[in-house]
Amino acid sequence: MTLTHELVTDAGDFADLAPDWRRLYQRCAAATPFQSHAWLHSWWLSYGRPGRLRLLLVRDGPDLVAAAPLMRVHRPLPALVPLGGALCDHGDVLLDDGRGPAAAAALAGALSRAARTALVDLREVRPGAAAEALHEHWRGPRGVRDDSLCLELPAVPMDALIARLPAARARQRARAQLRRLDALGVKSRPVLPEETGEAVRRLLELHRLQWRDRGVTGEHLRPRFHEHLARAAGPMVADGDAVVTEFRLDDEVVAVDVTLCSPRLAGGYLYGAHPRLRELRADVAVMLLSSCAGTLTGPGPEADTGDPGTGPGPRPAVLSLLRGSEPYKRHWHPRPVANRRLLLARRRTAPLLAAALGGAATRRTVRGLLRRGEPADAGD
């Protein structure tokens, strides 16, 4: 096995990588949907800045066997960070499971050379991620910090999720909520890939409506986010990396949900629901969880079972509630799983690692050194 590496900095070349990237993604069991080419390339088109793309690739002949989708940033420290930023609940690299440690070692070496005077700062790394192997093969200073907390349920049918609730009253209430949805006549339907653009538009309209006069994530209301989600959703649905579901009541779309899927986990990413549902005392959280569980384990009793086209691939083992520990998530007694932040430096950039680990005072000291020119900015 002769491994070579390359650094891609051109957005057009990133687009051309789609077939190779897809094959590598399918050979990396740890990958989450946030590492799919459709998601990352769409994100770059909406959020990327010229001159900052840094894709580290390792090939065995023509075969892509490792990839680190990164970009260069200047603040708060010079660093290479994963594409996707705050819109990704899980960050990672891709490693071909069949190439073993060799691919991880080759990617670590290539990344060390590409980083030059920058810190490598991998955020939101899920336990068991491919980036852990990269971290193990790194020859230089490194560190680990806890990152966001995620909550996870087993990917089992809704009846089994209800049975997990420890209190009889909670189980009775959940079943009553399902009966209420059935009595109202709420129906769900997975949309076709070619329908996703309109479905995402409707989702964001409903999302804006449901959060009217309340706090909302401002980015979800921006045109660039709409363009990113609509652009990514179609190919992801076609490839089985996402399911977009419409919920109808009296032939009106009253809710839309985007669930992202991978062989290891799936999770509801974003939804929009009309306030009418709450006025009718419909439990939106139960509706969404029931639909997601049904999608992952088989059609539920109230689902429209018309063939949506491709549908998801292998059934995930985990139904993730993604980042955050809101009370409506805790109600289901999920398992808490902490993401980790993996920090990698070279010997000459060890001060950057200390700054990242040491808090604001150390960062101020290092920024003073940077203003005097030592060390230089990443990749320049």
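The following paragraphs describe the overall make-up of the protein, the packing of selected helices, and several individual residues. The model is predicted.

The protein contains 14 helices and 13 strands. Of its 380 residues, 51% count as buried. Contacts between residues at least 6 apart in sequence were also examined, and 75% of these join residues at least 24 apart.

Helix α3 (37-47) is mostly covered, with ten of its eleven residues buried. The buried residues in α3 are His-37, Ala-38, Trp-39, Leu-40, His-41, Ser-42, Trp-43, Trp-44, Ser-46 and Tyr-47. The loop that runs between α3 and β2 (53-60) holds Arg-52. Arg-52 has a relative accessibility of 16% and therefore counts as buried, the cut-off being under 20%. When residues up to four places away in sequence are set aside, Arg-52 touches Trp-44, Leu-70, Met-71, Arg-72, Val-73 and His-74. One of these, Trp-44, is itself among the buried residues of α3.

Helix α8 spans residues 196-210 and has 15 residues. From its first C-alpha to its last it reaches 20 Å, close to the 21 Å expected at 1.5 Å a residue. Its buried residues are Thr-196, Ala-199, Val-200, Leu-203, Leu-204, Leu-206, His-207 and Gln-210. Viewed down the axis of α8, these buried residues fall within an arc of 165 degrees, so they line one face of the helix. In an α-helix there are 3.6 residues a turn, so residues three or four places apart point the same way. The buried residues of α8 pack against two helices, α9 (223-239) and α10 (275-279), and against the strands β9 (242-249), β10 (252-261) and β11 (265-273).

The axes of α8 and α9 come within 9 Å and cross at roughly 140 degrees. The two helices are therefore oblique to each other, and their crossing is right-handed. On the α8 side, the residues that meet α9 are Thr-196, Val-200, Arg-201 and Leu-204. Their partners in α9 are Phe-225, His-226, Leu-229, Ala-230, Ala-233, Gly-234 and Val-237. Thr-196, Val-200 and Leu-204 are also among the buried residues of α8.

The loop between α8 and α9 includes Arg-212. Arg-212 is exposed, with a relative accessible area of 53%. Its C-alpha atom is separated by 9.7 Å from that of Pro-275, although the two residues are 63 residues apart along the chain.

Asp-241 is located in the loop between α9 and β9. In contrast to the exposed Arg-212, Asp-241 is buried, with a relative accessible area of 5%. Apart from neighbours within four places in sequence, Asp-241 is in contact with Arg-22, Tyr-25, Pro-33, Ser-36, Met-236, Thr-259, Leu-260 and Cys-261. Asp-241 and Ala-38 are 203 residues apart in sequence, and their C-alpha atoms are 9.3 Å apart in space. Ala-38 is one of the buried residues of α3.

A second helix pair is formed by α7 (residues 168-184) and α11 (residues 284-297), which pack at an angle of about 85 degrees with their axes 10 Å apart. This angle makes α7 roughly perpendicular to α11. At this crossing, Ala-174, Gln-177, Leu-178 and Leu-181 in α7 meet Val-286, Met-287 and Ser-290 in α11.

Some features of the backbone geometry were also noted. Most residues other than glycine have a negative phi, and most peptide bonds are trans. Glu-124 has a phi near 55 degrees, a positive value in a residue other than glycine. This residue is placed in strand β6 (residues 119-125) and is buried, with a relative accessible area of 8%. Leu-322 likewise is not a glycine and has a positive phi, of about 60 degrees. Leu-322 lies in strand β12 (residues 318-323) and, at 5% relative accessibility, counts as buried. A cis peptide bond joins Arg-75 and Pro-76, with omega about 0 degrees. Pro-76 is in the loop between β3 (63-73) and β4 (79-82).

Conventions. Residues numbered from 1 in each chain as written. Predicted model: local features only at pLDDT ≥ 70, side-chain atom pairs only at ≥ 80, totals over all residues. Heavy atoms only, no water. Helix = DSSP H or I, 4+ residues; strand = E, 2+ residues; numbered from the N terminus. Buried < 20%, exposed > 50% of the residue type's maximum accessible area, 1.4 Å probe, protein only. Contact = heavy atoms within 4.5 Å. Expected span 1.5 Å × (residues − 1). Arc of directions from axis to C-beta. Axes fitted to C-alpha atoms, helices over the stretch in contact; angles between N-to-C directions. Parallel < 35°, antiparallel > 145°, perpendicular 65-115°, else oblique. Left-handed = near helix turned anticlockwise from the far one by under 90°.
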